[in-house]
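Here is a friendly walk through one protein chain, from a sheet and its helices to the pockets. Please keep the 3D view open as you read.

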Amino acid sequence: MSEQRFVAAIDQGTTSSRCLIFDRAGVVVGDAQREFTQIFPRPGWVEHDPAEIWDSVVAVVGEALVVAGIGRGDLAAVGITNQRETTVLWDAVTGEPVCNAVVWQDTRTDQLCRDLEGAVGQNRFLDSCGLPLATYFSGPKIAWLLAEHDGLRERAEAGRVLFGTVDSWLIWKLTGAHVTDVTNASRTMLMNLRTLAWDPVTLAAMGIPAAMLPQIRSSAEVYGIGRGVLEGVPVAAALGDQQAALFGQCCFAQGEAKNTYGTGGFLLLNTGADLVFSRNGLLTTVGYRIGAQPAVYALEGSIAVTGALVQWLRDNLGIISSAAEVEDLAGTVADNGGCYIVPAFSGLFAPYWRSDARGVIVGLTRFVTKAHLARAVLEATAWQTREIVDAMNADAGVELTSLKVDGGMVVNDLLMQIQADVLGAEVVRPRIAETTALGAAYAAGLAVGFWADVAELRAQWQQSGRWRPAMDAGTREREYGQWRKAVTRTFDWVPHP
């Protein structure tokens, strides 16, 4: 066992950076968070400034240590969890970003993805990477940047420009190592799920030089020793945010599942050592890999917009002044008044994968009030999750009876009840809702012996709430039919060239 008393987790998300410090019992003793700028240069384009992301991370690490009342010497290790697919390119010599990061939500590669389909279609690379061709993933983003920036390809071929998802960017800034882990690599479209190595056929098809890519490592091992704000601390884990939540929820057994409600929504099912390729629009991905142990795989259903819809209600429409107000406002009405909101702001992810879709509000009458809109916002998250669960049930051949939930939205008790109602299944919230950061801390702690094994981690898991369905089956299926009808109204909004 390590003599140090704490493990830190850097949770670098889509809208904010956060640092949480955990003790040996998995209890948060220090927490700091900062939002950073969202950049929207054109419709459908979403960017971040990598330098601002780094500055925010440095700030929250320092603040969390102060809140905890400890120094960096008290940390046994730090783990990183991050927004996935977001693409960062930086100069290998100066360390400066060569352009803004292209965020996972960005749709600028829509035409490029269709060009890459060729005669095969959207599943051209599915057998290798488990992913359909979509604007979501990093590979096409890299290809777009190399094509659009003069001289960038030549520099990349010479290894003078490096690529990384946000985990790689942070590890490089902290240690100087150019690495990524298997979970983040599995979201690029460029890693072969069987070999856990960059796939030369896919790289050639997308025109991406191997010289710019990081080394692929496991999710829990020491990548290097920290510098600066984390001087001397082992940087010992990296997990894409949703895989980190799977780990933090202790879904270590085949068949266990969790759903994370953040900017988007992400439901993962542990499939163990089995590579399960979906027939129903889900993604096959790496769940995690601990050191030299075999990789654990997962099926994932990805929803582009969940918590971001509440932000839209607040920031764009001004109906609420804080995200927390949505629960009280929605609770003043018994139902949605016949109104449905489908937040296809950047297209639809699983199970549809429709980049031509755009958001709609349907069923509007003079009866509908802002309270009904607030209720429809919460229901949109629940119904989108129901669609993922249906697809997962079909792929796995097993009906889901209980769903572990986490993320920022699970403090909303009304949403949790709505979710149980539309699923017809129990919803269970853990004692520590921010299991994304906990998963990164757990993986880092395992890597340095702070915790002995996953059995010790599982023994720490506790629930803080449980919701059982109260909606009758007839109402559930009738409302689901209306939701699916609303979804069809989003299709074909963006004309293809």
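Which residue in β3 does Ser17 stand opposite? Ser17 faces Arg34 in that strand. Before going further, a word on the ground rules: this is a predicted model, in which local features need pLDDT of at least 70 and side-chain atom pairs count only at pLDDT 80 or more, while totals for chains, interfaces and linings use all residues. Residues are numbered from 1 along each chain as its sequence is written, and side-chain values use heavy atoms, with hydrogens and water left out.

**The sheet**

Helices (H or I, at least four residues) and strands (E, at least two) are DSSP runs, numbered from the N terminus. Two strands pair if DSSP finds at least two bridges between them. Between β2 and β3 there are seven bridges, and the two strands run antiparallel. They form a hairpin with four residues between them, and Gly26 in the turn has a positive phi of about 80°.

This hairpin belongs to an open sheet of six strands with mixed pairing, in the order β3-β2-β1-β5-β14-β13. The edges are taken by β3 (28-35) and β13 (220-225); each has a single partner strand, so one side of each is left without a neighbour in the sheet. On average, neighbouring strands are turned by 25° against each other, direction ignored. Further along, β5 (residues 75-82) and β14 (residues 234-240) run parallel and are joined by five bridges. Gly79 has Ala237 in β14 as its bridge partner.

Two helices pack on this sheet. Helix α1 (residues 50-68) touches β1 (6-12), β2, β3 and β5, and its direction makes about 150° with that of β3. Helix α9 (residues 241-248) touches β5 and β14, at about 105° to the direction of β14. For these angles, axes are lines fitted to C-alpha atoms, for helices over the stretch in contact, and angles run from 0 to 180 degrees between N-to-C directions. Contact means heavy atoms within 4.5 Å.

**Buried and exposed residues**

Phe22 lies in strand β2 (residues 16-23). Is Phe22 buried or exposed? Phe22 counts as buried because its relative accessibility is 0%, where buried means under 20% relative accessible area, exposed over 50%, and partly exposed in between (1.4 Å probe, protein chains only). Leaving out residues up to four places away in sequence, its contacts include Phe6, Val28 and Leu438. By contrast, Arg478 in helix α16 (residues 473-488) is exposed, with a relative accessible area of 52%.

In helix α10 (residues 307-315), the buried residues include Trp312 and Leu313. The buried residues of α10 pack against α11 (325-330), β19 (340-342), β20 (360-362) and α12 (370-396).

**The pockets**

A pocket is an open set of points on a 1 Å grid over the protein atoms alone, where a 1.4 Å probe fits, with protein on both sides within 12 Å along at least five of seven lines; lining residues have an atom within 4 Å of a point. Grid points are joined across faces, edges and corners, and a volume is the space filled by probe spheres set on the points.

| Pocket | Volume | Residues from α10 in the lining |
|---|---|---|
| Largest | about 940 Å³ | five residues |
| Second largest | about 620 Å³ | five residues |

Of the 38 residues that line the largest pocket, those closest to its centre are Tyr261, Gly262, Thr263, Gly408 and Met409. For the second largest pocket, lined by 23 residues, the closest to its centre include Phe40, Ala308 and Gln311.
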